[in-house]
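Please look over the sequence and the model shown below before reading on. The paragraphs that follow lead from the overall fold to the core, and then to some of its parts.

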Amino acid sequence: MIRWIAVVGLAVASLGAQDKGGEKVDAKKVNQAIDKGAAFLLNYFEKKEIGNSSWVSPVELVVLTLHHANVKVDHPVFAKGLDALLSAKLQYTYRVSLQAMALHRLDPKKHQDRIAECAQWLVDTQCADGDWGYPGDLASPASPPKAVTVGPPKKEVPKDAPEGTEPQWNIRRRTKPDPKLKGDQSNSQFALLGLRACQESGVTIPKETWSSALKYMLATRRATVP
């Protein structure tokens with residue numbers, strides 16, 4: 001299921017894209033494709049629940065896609081998807097990252113508390129080499145990843161701050177990474193996109209998280225192909 005949800009999402013995100021010749025794609029045709037994709041999702045989930053228990057559950061992609069398609073938040077399917085998203089446990093790299101991106105797009109101020117939880121989860125699950133993967137230990141490549149639960153962050157007044165300063169989210173690493181766990185560029189890419197959404201929503205990410213991720217990305221990049 002998550003594959004075709006992703007396809008619809010890519011179609012929606014193609015608005016304003018350019019072809020190889022540098023000319024803009026026909027906006028009318030793109031909008032028609034977006035409307036068709038959104039209509040498909042609305043029809044498909046009209047009487048179906050949007051599962052949120054599996055690591056491949058599509059709820060975050062559904063919400064993000066419907067938002068990009070300009071579907072109103074009070075639409076029954078959109079509302080159902082948002083409820084499922086907000087009630088889901090933060091457990092998997094792809095989904096936590098997508099949730100941060102979706103909530104940032106929807107209303108970063110309204111959903112900042114939840115976005116801060118996404119930030120804390122991503123900071124705490126970064127691997128020792130600066131990457132992210134499927135949290136937990138996989139018995140085999142075909143096995144689903146083990147869920148990892150991370151507690152919510154705390155709001156604190158910065159040290160030496162003037163009297164009356166409002167408490168701020170204190171996002172910092174609270175766990176020691178397991179050196180045996182290794183990630184990959186796919187999970188890491190999503191994690192970084194999610195963290196950027198958190199940062200842009202007003203939740204400050206530790207510099208160590210960014211620098212460690214940069215080190216990993218530079219170490220694993222491929223040589224430029226001429």
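**From the whole fold to single residues**

Of the 226 residues that make up the protein, 38% count as buried. The model is a predicted one, and its secondary structure comes to eight helices and two strands, which follow one another along the sequence in the pattern α-α-α-α-α-α-β-β-α-α. Among the contacts between residues with a separation of 6 or more, 71% are made by residues 24 or more positions apart. The surface that the protein exposes comes to about 13,800 Å², and carbon and sulfur atoms supply 54% of that area.

From the surface we can turn to the interior. In soluble globular proteins, nonpolar side chains tend to be buried together. Here the largest nonpolar core has 46 residues, and those that touch the most other members are V63, L66, V71, L122, C198 and V203. Two or more residues of this core come from each of the helices α2 (27-44), α3 (59-68), α4 (76-87), α5 (93-106), α6 (112-124) and α7 (185-200). V203 can serve as an example of how such a residue is placed: leaving out residues up to four places away in sequence, V203 touches Q112, I115, A116, A119, W169, I171 and C198.

Helix α8 (residues 207-220) offers a check on geometry, because its 14 residues, at 1.5 Å a residue, should span 20 Å, and its end C-alpha atoms are indeed 20 Å apart. Within α8, the residues T209, A213 and Y216 are buried. These three lie on the same side of α8, because they cover an arc of only 60° around the axis. On the other side of the helix, K207, E208, K215 and A219 are exposed. What lies over the buried residues of α8? The cover includes α6 and α7.

Helix α6 also holds E117, a residue with a different setting to examine. Is E117 buried, exposed or partly exposed? With a relative accessible area of 27%, E117 is partly exposed, because that value falls between the limits of 20% for buried and 50% for exposed. Apart from neighbours within four places in sequence, E117 is in contact with L90, P152 and P153. E117 and K154 are 37 residues apart in sequence, and their C-alpha atoms are 9.3 Å apart in space.

Technical notes:
Residues are numbered from 1 along each chain as its sequence is written. This is a predicted model: local features need pLDDT of at least 70, side-chain atom pairs count only at pLDDT 80 or more; totals for chains, interfaces and linings use all residues. Side-chain values use heavy atoms; hydrogens and water are left out. A nonpolar core is a set of buried Ala, Val, Leu, Ile, Met, Phe, Trp, Tyr and Cys residues joined through side-chain atoms within 4.5 Å. Buried means under 20% relative accessible area, exposed over 50%, partly exposed in between (1.4 Å probe, protein chains only). Helices (H or I, at least four residues) and strands (E, at least two) are DSSP runs, numbered from the N terminus. Contact means heavy atoms within 4.5 Å. Accessible areas come from the Shrake-Rupley method with a 1.4 Å probe; for residues, only the protein chains shown count as cover. The expected span of a helix is 1.5 Å times one less than its number of residues. The arc is that of the directions from the helix axis to the C-beta atoms.
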